[in-house]
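Happy to look at this one together. Here is the model, and then we can ask how its labels are earned.

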Amino acid sequence: MHDLVTEFPTRKGVVRAVNGVSFDVEPGEILAVVGESGSGKSVTSLSIMRLLQDPGHVAGGSITFDGKDLLAATESEMEQIRGAQISMIFQEPMTSLNPVYRVGDQIVEAIRTHSDMSKKDAWARAVEMLRVVGIPSPEERARDFPHQMSGGMRQRVMIAMALSCDPKLLIADEPTTALDVTIQAQILELIYKLRNEFNMAVLLITHDLGVVSEVADRVVVMYCGQVVEEGEKFELFEYPLHPYTLGLLRSIPRLEDEASERLYMIKGSVPNPLDMPSGCPFSDRCERVTERCRRERPELKEVPGTTRRVRCFLYDDEAEVAHAVEATEKAHVVKAKLEAEERERIERARKMSGGAEVTVEIEEEEEVR
Ligand SMILES: Nc1ncnc2c1ncn2[C@@H]1O[C@H](COP(=O)(O)OP(=O)(O)O)[C@@H](O)[C@H]1O
Ligand SMILES: [Mg+2]
């Protein structure tokens, strides 16, 4: 996706919900897109799927999927791509599941839309997919209606449906927001595991940076329809460059701070899209704001010596960049150490139980982290 611009003409003016967003998702990679509500995450994903509601439309830029220009694709080509090559799951499965059909039949329907499989084979595949997403007694549960299932189980059904045609890209828009914390973790773990199994790319959209800390490979931080920071997860968590990313990180509840009730909050709120500051969109809320930030808009720039891009004048300063590079090096040392420990742990487990069938156990152990 390059320089995507998506606009909604309204009576009061044109709302530019996505304003020049560029990022790529590689096969097998989990890319998290994070940002407060209203930052343009859902509009970005709906633009990819070409599912924007009128009068919303893509006003500029390009979206390429597997070498194909999605913005130039015909509607019937898009119908072929949706569900078969790019699948999407949403926050509230009830809005995507049809209450009057059994969940198994709905998966069968999804499968048969994109293949000429017989009903019987599609049913078998549906049951198999329910098993893959961890639904107990899938033969029986396939005959359930959506309302007979819990929220977590319904989200598993949605994932089963999304994966039933073996997509290359899964877009998950706030897939765990409606669920309680334990179930959230289980669903994320499932997405993580299925990414490995299906070697698909995942675009994980969330307002909660805590959600991405475990599962993402790379993170894109959005603010007011723009990317303000991007980078490899470990680097970004270790040393956030943009003051907005830092604010988001400080707002994640931590287990250690259970005693302290007051959680950090970024002051102020997202500006009205029809009345944006003339300088940096974050300037009114930023703890490191300068005169220049109020006058000029920063560009998204690569930070040499890191995997990062950042949209902030702070990194025009060589000392800030040097600091960032130093912190990045440290982050990689810590990461390498953690990975070595992990390998050692796996090696120990392998030695202790000696044998080939252990791999399964080890994989499970990895997932729990
Ligand atoms: N149908 C619409 N009409 C007008 N503006 C819209 C519409 N949908 C979204 N927007 C604008 O796009 C912005 C981004 O929305 P969205 O992508 O849903 O945010 P997020 O998913 O990050 O919470 C919103 O703040 C709103 O200003
Ligand atoms: Mg959204």
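What follows is a short round of questions and answers about this model.

This is a predicted model, where local features need pLDDT of at least 70, side-chain atom pairs count only at pLDDT 80 or more, and totals for chains, interfaces and linings use all residues. Residues are numbered from 1 along each chain as its sequence is written, while chains are lettered from A and ligands numbered from 1 in the order in which they are written.

Q: Why is H7 called largely enclosed by the rest of the structure?
A: A residue is buried if 20 or more other C-beta atoms, placed from the backbone, lie within 10 Å of its own. In H7, 12 of the 13 residues are buried, so the label fits. Among them are Arg154, Gln155 and Arg156.

Q: How do you know that the span of H7 is close to the one expected?
A: The expected span is 1.5 Å times one less than the number of residues. H7 (residues 151-163) has 13 residues and reaches 18 Å from first C-alpha to last, against an expected 18 Å.

Q: What makes S10 and S11 a pair?
A: Strands, which are DSSP E runs of at least two residues, pair if DSSP finds at least two bridges between them. S10 (residues 218-223) and S11 are joined by six bridges in the antiparallel sense, so they pair by the definition. Arg218 stands opposite Glu232.

Q: How do you know that S11 also pairs with S13?
A: Two bridges join these antiparallel strands, so the cut-off of at least two is met. Glu230 has Arg309 in S13 as its bridge partner.

Note on methods
Helix = DSSP H or I, 4+ residues; strand = E, 2+ residues; numbered from the N terminus.
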